[in-house]
Amino acid sequence: MQGLSFYINSAKDYFSRSSIARNAASLYLIQFAELLLPLVTIPYVVRVLGADGFGKSGFILGMIAYFVVFVEYGFAMSATRSIAINRESTEEVNKIYSSTLLAKSFLFVVGLVILVLLYLFVPRINQMIVYFFAGYLSIIGNIIFP
């Protein structure tokens, strides 16, 4: 009967030879971390912020997620496809990138106008507007992400 060390060494050899196995193992590790991390962090965050603060932060993050979807508008798929088709032409790639950046910036401004209108007409958002604007700034990172 072979010991546990034999199986561990066999797995190490397999992962060192196969890039697909390494990539799959990395993906499984990321998925596991995504499941495990909230089990550790959420109780701590609830304890620090309290139930009310945790609910407010969830509401703000949810609203900002809608704005992220609005600003993204499917550019991750359409612009990537266009660049893949025209990858040989640097001029065309620059044109696609610039137009995508301009369109995302325009949608960012439209979303900002919508946020200001929500501030003016929705009392609940009016109370937390500083946090909404701070969260909305995170969309800039989404815009400049290539």
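Select Phe108 first, and you will find this residue in helix 4 of what is a predicted model. Phe108 counts as buried because its relative accessible area is 14%, which is under the 20% that sets the limit for that word. Now show what surrounds the side chain: if the neighbours within four places in sequence are left aside, Phe108 is in contact with Val71, Tyr136, Ile139, Ile140 and Ile143. To see how sequence and space compare here, add Ile144 and draw a line between the two C-alpha atoms, for Phe108 and Ile144 are 36 residues apart in sequence and 11 Å apart in space.

Keep helix 4, which covers residues 90-121, and select helix 2, which covers residues 19-72, alongside it. The axes of these two helices come within 8 Å and cross at roughly 145°, and the crossing in which helix 2 passes helix 4 is right-handed. Which residues of helix 2 meet helix 4? On the side of helix 2 they are Met63, Phe67, Phe70, Val71 and Glu72, while helix 4 brings Lys104, Leu107, Phe108, Val110, Gly111, Ile114, Leu115 and Leu118 to the contact. If you colour the residues of this contact by type, ten come out as nonpolar, one as polar and two as charged. Phe108, where the tour began, is therefore part of this meeting of helices, as heavy atoms within 4.5 Å count as a contact, and Val71 of helix 2 is one of the residues that it touches.

Stay with helix 2 and select Ile60, which lies in that helix. Is Ile60 buried or exposed? Ile60 is buried, because its relative accessible area is 8%. Leaving aside the neighbours within four places in sequence, you can show Met128, Tyr131 and Phe132 as the residues in contact with Ile60. For Met128 the separation along the chain is 68 residues, whereas from C-alpha to C-alpha Ile60 and Met128 are 8.4 Å apart in space.

Move on to Tyr73, a residue in the loop between helix 2 and helix 3, the latter covering residues 75-85. Tyr73 is exposed, because its relative accessible area is 62%, and this value is over the 50% that the word requires. Look at the backbone as well as the side chain, since the phi angle of Tyr73 is near 50°, a positive value in a residue other than glycine.

Finally, clear the selections and display the whole chain, which contains seven helices and zero strands, so that from the N terminus on its elements run α-α-α-α-α-α-α. Turn the model slowly, and notice that the C-alpha trace spans about 75 × 55 × 15 Å along its principal axes. The radius of gyration of the chain is 23 Å, whereas a compact globule of 146 residues would have one near 15 Å. Buried residues make up 17% of the 146 residues in the chain. Among the contacts with a separation of 6 or more, 67% are between residues 24 or more positions apart. If you switch on the surface, the accessible area comes to about 11200 Å², and 70% of this belongs to carbon and sulfur atoms.

Definitions and conventions
Residues are numbered from 1 along each chain as its sequence is written. This is a predicted model: local features need pLDDT of at least 70, side-chain atom pairs count only at pLDDT 80 or more; totals for chains, interfaces and linings use all residues. Side-chain values use heavy atoms; hydrogens and water are left out. Helices (H or I, at least four residues) and strands (E, at least two) are DSSP runs, numbered from the N terminus. Buried means under 20% relative accessible area, exposed over 50%, partly exposed in between (1.4 Å probe, protein chains only). Axes are lines fitted to C-alpha atoms, for helices over the stretch in contact, and angles run from 0 to 180 degrees between N-to-C directions. A crossing is left-handed if the near helix is turned anticlockwise from the far one by less than a right angle, and right-handed if clockwise. Ala, Val, Leu, Ile, Met, Phe, Trp, Tyr, Cys and Pro count as nonpolar, Asp, Glu, Lys and Arg as charged, and the others, Gly among them, as polar. The radius of gyration is taken over C-alpha atoms; the globule rule is 2.2 Å times the number of residues to the power 0.38. Accessible areas come from the Shrake-Rupley method with a 1.4 Å probe; for residues, only the protein chains shown count as cover.
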